[in-house]
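This briefing covers one strand and its pairing, followed by a contact between two chains. Please read it alongside the sequence and the model.

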Amino acid sequence: MTFARPKTVYSGKIKEMKLGTGPKAVTVGGETSYPFYLFEGEMPHLPRIAMEIFDSPPAEWAPAALEPFEGVTDDPVAWAKKCINDYKAEMICLQLVGTDPNGLNKGAEETAQLVKKVADAIDVPLIVWGTANHEKDTEVLRRVAEVCDGKRLILGPVEEGDHKKIGASAIGYKHTVAASTPIDINLAKQLNILLGNLGVSDDSLIIDPTVSAIGYGIEYAYSVMERIRMAALTQQDAKLQFPIICNLAKEVWKTKEAKAGTEDPRMGDPKKRGILLEAMTAMCMLLAGGDVLVMRHPDAIKLVREMIADLTAKQ
Amino acid sequence: MPLTGIEIFKLLPKTNCGQCGVPTCLAFAMSLAAGKAELSKCPSVSAEAKEKLSAASAPPIIPVTIGAGGRTVKVGGETVMFRHEKRFDNPPGIAMLISDTTPDAEIDSKLAKFGQLTYERVGLKLRPELVAVRNDSGDAAKFAAAAGRVKEKSDAAIILMSSNPDAIAAALKVCADRKPLLYAATEENADKMAELAKQSGCPLVAKADGVEKLVQLTTKLTAAGVKQLVLDSGARTTRQAFEDQIIIRSAPLTKQVRALGFPTIVFPCEMTKDPMKEAMLASMFVAKYAGIIVLSDLEGHSLFPLLVERMNIFTDPQRPLATTEGIYEIGTPNESSPVLVTSNFALTYFLVAGYIESSKVSSYLLVKDTEGLSVMTAWAAGKFVADAIAPFIKKSGIADKVKHHKLIIPGYAAAESGGLEEELPGWEIVVGPREGAHIPGYLKTTWSS
């Protein structure tokens, strides 16, 4: 009895996107099959992990998440270097938490100078992420774009409400954008069209579908990402054929379960629990189509890197 | 592959006798196609049509139930490759491995832990279902003794793992009534294992080296009369095991390969020695199509995330998870703590509760039953409006817990503030932030002042 293996029919390809400049620049995208379906197509560029750092000392991190960065969390440059030198980060994501108008409310100029200092100090691609406050992000990210002219940063989150101004700055100063929409395939497509109309080129856009942690609605992000990939690869939906970024660490580590201690013996070791919540969330995102994962704990990153290597190992 | 209404109609007698309860054969055919009627209602259907229809209506992936008289787990029965297409029906069973060479005291402590690791979340009970007993000793009596111990000391569904049919037979003598899963029939022992499965009525794993050989083996086993099968493709490397899971899911669904139309079993416990990596493999298999996942041991820090992931992936995309209506205390609220009201969409609740918690301002969070809709959707659907919220506030008893009688409503429901002030005399309605993320800032500054 002969058995014919099933095979998905693909008609599309994810666009390639180069991030950063120089020898450590990174290219993502280019897939011609569902994630890791290497028996059906190709993944010319493996998913990458960006290590996140904050622009200001983190206030409420779990001890397990702080420990690997002891001594550097009040200095973003030292923090970024530690990620690269000690934990082999291939990319850095600078979260501009301190610009939050409901928090420290740091100014655009001060922040832009800080971003430039970090960008100048490292040779790997840099993602710069605002607080999703349209007015503030517009002010801050436009200044960042200008001060870091030509660095080919990823600027995010760029939403419908602020896409014109941030998008224009990104085009003007040769950066890329993370097009961010709230867990909805139609809104994602719509924003990609708007950014395209604005003049953002196809190799300068990455989709941020808005992700969440295990236990906090990961299934919504999971399915929206699967649907985006399905439309891109099997339904020739050119406006969804972009790589996907998952800014997941902050979602995981803010949860009660990642922060809890040893009060409940059924919850096991707090450190391992936090690491696995992050790594397993990342695993789900990889399987749904994530190309760039923003992560925090070095041990979680190590686990995810191993899974990527094993899933793409030579046979 | 299910037949269409028209295809079914062609097989019916076309007498329009009406004895099936609907006036015409065409209408009956349509009901059959929609799964709303039973073929047995038709008094004059031919034997040939019966056979064709029952073959066509059998699920493409057979559901298999393991366990009886304790924890049971139903796996397989899936109909789609992607959860958004319909939903994933039967979450994979999580199994803990026990070797029959393990000392009794250690078996007992593993089983005790197995019993304790149960979690409650959005009203659902999350727990592992199975214990796999492996015949590492090579001794049938020892294997049977270990199986007996598992049966006696836990309510787990059992997997009996031995390549030796005599050992399986010995263990079945002590635990057949618990309907264990027998592991495994291979090319070498298929006849004997099939016989044991048939005699005991227990489901059987077919294990072969690769998907192609698996097709041959299951064809042989089903011909021998074993219908309840679970598949092990033998792969123990990540890439191959991942590929096999996808092929085994898609072959019956997209190519009508009945020989692969069964749930699978996977063994992260045999793929790595690192428990953290084992957990990662398990999380991959939860999303990508495993029926049963066998782990070397269970630890809360890995089991909890895994069980929650499983619940998330197997949530019905059409029916959102909901939290129970009521008053939730966050921190240690007192009579002057803020009172907030929100919808009972589980995600809304988790986020709002999380944000209140991070504000460090102890609060009362009132969760109104909105049938699992988020605030904005529930408001638009008339389920989170003054007429609905006010009776809930009165009934909740919150008025007795606080002195101030100020109610913070979500910014998205701002339009209801007037109506609520009318319906809730004595209460001051305060419009809070639209986004959950702004709750901490709001509670710390606006509320405090």
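**Strand 3 of chain A and the contact with chain B**

Side chains of strand 3 of chain A alternate: A:Arg48, A:Ala50, A:Glu52 and A:Phe54 point one way, while A:Ile49, A:Met51 and A:Ile53 point the other way, and all are buried. The model is predicted.

Burial of strand 3

- In strand 3 of chain A, residues 48-54, 7 of the 7 residues are buried, so the strand is largely enclosed by the rest of the structure.
- The buried residues include the charged A:Arg48 and A:Glu52, both of which point the same way from the strand as A:Ala50 and A:Phe54.

Strand pairing

- Strand 3 of chain A runs parallel to strand 10 of chain A (residues 292-295), and 4 bridges join them.
- In that pairing, A:Leu293 of strand 10 of chain A lies opposite A:Ile49.
- Strand 3 of chain A also pairs with strand 4 of chain A (residues 91-95), in the parallel sense and over 5 bridges.
- Here A:Met51 has A:Ile92 of strand 4 of chain A as its bridge partner.

Contact between chains A and B

- Chain A contributes 44 residues to the contact and chain B contributes 50 residues.
- On the side of chain B that touches chain A, at least two residues come from each of helix 8 (211-223), helix 9 (238-254), helix 10 (275-287), helix 11 (300-313) and helix 12 (346-359) of chain B.
- Helix 9 of chain B gives the most to this side, with 10 residues.
- By residue class, the side of chain B that touches chain A holds 22 nonpolar, 18 polar and 10 charged residues.

Conventions. Residues are numbered from 1 along each chain as its sequence is written. Chains are lettered from A and ligands numbered from 1 in the order in which they are written. This is a predicted model: local features need pLDDT of at least 70, side-chain atom pairs count only at pLDDT 80 or more; totals for chains, interfaces and linings use all residues. A residue is buried if 20 or more other C-beta atoms lie within 10 Å of its own, exposed if 12 or fewer, and partly exposed in between; C-beta atoms are placed from the backbone. Two strands pair if DSSP finds at least two bridges between them. Two residues are in contact if their C-beta atoms, placed from the backbone, lie within 7 Å.
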